[in-house]
Amino acid sequence: MKKKCLFCGTEFEPINGSSSYCPESDCYKKAKKARQKIVDDLIKLIRKGLYKNFKFFNELLPSIDNTSILLETAIQRGFDEHAFYKTAIDKSNNITWYNCGNYIFSIQQKNGIKYLVIYKN
Ligand SMILES: [Zn+2]
């Protein structure tokens, strides 16, 4: 049964049933390289986002303390609510906290206005 190469889309007759790339070509290597590039680019973006948030938090709250700022203002100053690496839900008040280095943050709403709440530990 003919198969379509996962990298270039060319139809080929597989030598064994498990091959997914056309034989006698470097499609397997190219596919592996392409996957690695996607992961590398993703890691670069994640690093960039986390670093931006950390830098912003560090400027806003350099010592062990907590603060809150209008979410809109935070975003204008470079905050990205999607840049974090761990979440924890406080079940007593149903607030989700996100980690970024030695800071945790959450987005809370008061009278219809969204605030960014930050704690440094
Ligand atoms: Zn191919």
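**Close-up views of a predicted model**

**View 1. Serine 20 and its surroundings.** Serine 20 counts as partly exposed, because it has 14 C-beta neighbours inside 10 Å. The model shown here and in every other view is a predicted one. Look for serine 20 in the loop that lies between strand 2 (11–12) and helix 1. Once its neighbours within four places in sequence are set aside, serine 20 is in contact with Lys3 and Leu6. For a sense of distance, pick serine 106 as a second marker: it sits 86 residues from serine 20 along the chain, and the two C-alpha atoms are separated by 45 Å.

**View 2. The open sheet.** Here five strands come together in an open sheet, with antiparallel pairing and the order 3-7-6-5-4. Strand 3 (66–70) and strand 4 (86–90) are the edge strands; each has a single partner strand, so one side of each is left without a neighbour in the sheet. On average, and ignoring direction, neighbouring strands of this sheet are turned by 25° against each other.

**View 3. Strand 4 and its hairpin with strand 5.** How many of the five residues of strand 4 are buried? The count is zero, and the strand is hardly covered. Strand 4 pairs with strand 5 in the antiparallel sense, over five bridges. One pair to find is threonine 87 and its bridge partner in strand 5, tyrosine 98. The hairpin of these two strands has four residues between them, and asparagine 94 takes a positive phi near 60° there.

**View 4. Strands 6 and 7 side by side.** Strand 6 (residues 103–110) and strand 7 (residues 113–120) run antiparallel and are joined by eight bridges. Which residue of strand 7 stands opposite lysine 110? It is isoleucine 113.

**View 5. Helix 1 across the strands.** Helix 1 (residues 27–60) lies across strand 3, strand 5 (95–100), strand 6 and strand 7. Its direction makes an angle of about 100° with strand 5.

**View 6. The largest nonpolar core.** Ten residues make up this core: Phe56, Phe57, Ala74, Phe79, Cys100, Tyr103, Ile104, Phe105, Leu116 and Ile118. At least two of them come from each of helix 1, strand 6 and strand 7, and strand 6 gives the largest share, three residues. In soluble globular proteins, nonpolar side chains tend to be buried together. To explore the core from one of its members, start at phenylalanine 79, which touches Asn53, Phe56, Ala74 and Leu116 when residues up to four places away in sequence are not counted.

Terms used: Residues numbered from 1 in each chain as written. Predicted model: local features only at pLDDT ≥ 70, side-chain atom pairs only at ≥ 80, totals over all residues. Pairing = 2+ DSSP bridges. Axes fitted to C-alpha atoms, helices over the stretch in contact; angles between N-to-C directions. Contact = placed C-beta atoms within 7 Å. Core = buried A, V, L, I, M, F, W, Y, C linked by C-beta atoms within 7 Å. Buried ≥ 20, exposed ≤ 12 C-beta atoms within 10 Å, placed from the backbone.
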